[in-house]
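Please look at the sequence and the structure below. Some questions and answers on the fold come after it.

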Amino acid sequence: MSHEGIRFVSAEEARQDELAAQQLDRLPTDAVTPLKVRVKLTEGTGIEIDWRDGHRSSWDFRWLRDACPCANCYNERGSAGRVPGEPKPKSQALFALYQAPPRPTEASPVGKYALGIKWNDGHNSGIYSWTYLRSVCQCALCHPPRS
Ligand SMILES: [Zn+2]
Ligand SMILES: [Zn+2]
């Protein structure tokens, strides 16, 4: 990706803000307000969020890496027809040497609305808004398994 090195943070943040605002329209405030966020860095497993409406969501790190909401990943998934969390096809990894499983090197709040995640593969432009995370909750209630 030739434009990888050029990124206008303000435009990107504005885009993600706008996305978050759209999602806010259809989600009650309590559903997108985290009470407790657990980033299980030590265990290397994933992220758990308890929401103010009593709901609990969890995702593993690999899923979250494949659901990165930044413009590059978003466009790349779109052109490849992948949904958030869907891994890239295995063939692309054929020639790759061992790759460490995705794992944040850092996860910190971005304002009041999001969690910024820096990944061990060097990718660090993902800003996971609470509304985005709630909208991609993987529990059986929000995301019934396709039959
Ligand atoms: Zn990304
Ligand atoms: Zn859910």
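The turns below deal with a sheet, a core and a loop residue.

User: How are the residues and chains numbered and lettered, and what kind of model is this?
Analyst: Residues are numbered from 1 along each chain as its sequence is written, while chains are lettered from A and ligands numbered from 1 in the order in which they are written. Local features need pLDDT of at least 70, side-chain atom pairs count only at pLDDT 80 or more, totals for chains, interfaces and linings use all residues, and the model is predicted.

User: Which strands stand at the edges of the open sheet of three strands?
Analyst: Strands are DSSP runs of E with at least two residues, numbered from the N terminus, and two of them pair if DSSP finds at least two bridges between them. The order is β1-β2-β3, with antiparallel pairing. Each edge strand has a single partner, so one side of it is left without a neighbour in the sheet; these strands are β1 (34-39) and β3 (56-60).

User: Which residue in β3 stands opposite Ile47?
Analyst: β2 and β3 pair in the antiparallel sense over five bridges. The residue in β3 opposite Ile47 is Trp59.

User: With which residues is Leu64 in contact, leaving aside neighbours within four places in sequence?
Analyst: Contact requires C-beta atoms, placed from the backbone, within 7 Å. Under that rule the partners of Leu64 are Gly46, Ile47, Trp59 and Ile117.

User: Does Ser125 count as buried, partly exposed or exposed?
Analyst: Ser125 is found in the loop between β5 and β6. A residue is buried with 20 or more other C-beta atoms within 10 Å of its own, exposed with 12 or fewer, and partly exposed in between. Ser125 has 19 such neighbours, so it counts as partly exposed.

How values were computed. Contact = placed C-beta atoms within 7 Å. Helix = DSSP H or I, 4+ residues; strand = E, 2+ residues; numbered from the N terminus.
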